[in-house]
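Let's take a walk through this structure together. Have the sequence and the 3D view open side by side as you read.

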Amino acid sequence: MDQMERSKNSAMPVLVDLVAMYVITGLLLVFLAALLGRMDLSDAAVSIGIIATYIVSCFAGGFLIGKKKKRKKYLWGLCVGAFYFAVLLLGNLVVNRGLDGQLVQMLTTAVLCILSGMAGGMLS
């Protein structure tokens with residue numbers, strides 16, 4: 001029973017941080033949509049905004065989990081970034097019913113999410 005309590009205690013902060021990361025993502029995307037409505041942003045500017053949203057959200061998640069976990073902060077940040085990307089990938093697979101030949105963009109997004117989560121953990 002003690003082992004089960006420890007694993008439960010380890011999973012809960014990760015889930016809380018993932019929810020916080022998606023709240024941050026939602027807020028940043030609403031801000032980006034407001035900018036898009038007010039200004040005539042190019043497709044490149046919107047793409048940069050979305051990438052910046054991923055980086056900021058994963059960095060914040062890595063930072064938050066690093067503050068909660070006192071040891072191996074970089075590893076916890078890396079895991080949170082990987083989980084964040086896994087949920088994004090799952091959502092993409094469900095909505096688009098496949099990858100649609102976007103392998104390079106997906107790998108780039110995975111690397112950005114994982115590295116920014118790890119950086120947030122390291123700096124916490």
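What follows starts with the overall layout and then moves on to individual residues.

First, a word on what you're looking at: this is a predicted model. The chain contains four helices and zero strands, so if you trace it from the N terminus you'll read the elements off as α-α-α-α. Measuring tape in hand, so to speak, the C-alpha trace spans about 55 × 30 × 20 Å along its principal axes.

How is the chain put together? Take the contacts with a separation of 6 or more: 78% of them are between residues 24 or more positions apart. Of the 124 residues, 28% count as buried. The accessible surface comes to about 8100 Å², and carbon and sulfur atoms account for 72% of that area. As for charge, the chain has 11 positive and 6 negative charges, and the mean positions of the two sets are 13 Å apart.

Now for the aromatic rings. How many aromatic pairs are there? The count comes to three. One of them is Y22 with Y84, a stacked pair with 4.6 Å from centre to centre and 20° between the planes. This pair links distant parts of the chain: Y22 belongs to helix α1 (residues 2-38) and Y84 to helix α3 (residues 73-96), with their positions 62 residues apart in sequence. Are these two tyrosines buried or exposed? Y22 is partly exposed, at 26% relative accessible area, while Y84 is buried, at 0%. Y84 falls in the buried class because its value is under the 20% cut-off.

Y84 also pairs with Y54. Why does this pair count as edge-to-face? The ring centres are 6.4 Å apart and the planes stand at 75°, so the pair is edge-to-face, the cut-off for that class being over 60 degrees. Here too distant parts of the chain are linked, with Y54 in helix α2 (residues 43-68), Y84 in helix α3, and 30 residues separating them. Put the ring pairs together and Y22, Y54 and Y84 form a cluster.

Stay with Y84 for a moment and look for T25. This threonine is in helix α1 and counts as buried because its relative accessibility is 7%, under the 20% limit. Which residues does T25 touch, leaving aside its neighbours within four places in sequence? Its contacts are T53, S57 and Y84.

Next, head for the loop between α2 and α3, where you'll find K72. Its phi is near 50°, a positive value in a residue other than glycine. Most residues other than glycine have a negative phi. K72 is exposed, with a relative accessible area of 51%; that label applies because the value is over 50%. While you're looking at lysines, check K69 as well: its charged end sits over the ring of W76, 4.5 Å from the ring's centre.

The last stop is helix α4 (residues 103-123), which holds A110. Is A110 buried or exposed? It is buried, because its relative accessible area is 11% and the cut-off is 20%. For a sense of distance, compare A110 with V14: they are 96 residues apart along the chain, and their C-alpha atoms are separated by 18 Å.

Key. Residues numbered from 1 in each chain as written. Predicted model: local features only at pLDDT ≥ 70, side-chain atom pairs only at ≥ 80, totals over all residues. Heavy atoms only, no water. Phe/Tyr/Trp six-rings, centres within 6.5 Å; stacked < 30°, edge-to-face > 60°. Helix = DSSP H or I, 4+ residues; strand = E, 2+ residues; numbered from the N terminus. Buried < 20%, exposed > 50% of the residue type's maximum accessible area, 1.4 Å probe, protein only. Lys NZ or Arg CZ within 6 Å of the ring centre and 35° of its normal. Contact = heavy atoms within 4.5 Å. Areas by Shrake-Rupley, 256 points an atom, 1.4 Å probe, with all protein chains shown as cover. Lys, Arg positive; Asp, Glu negative; His and termini not counted. Charge placed at Lys NZ, Arg CZ, Asp CG, Glu CD.
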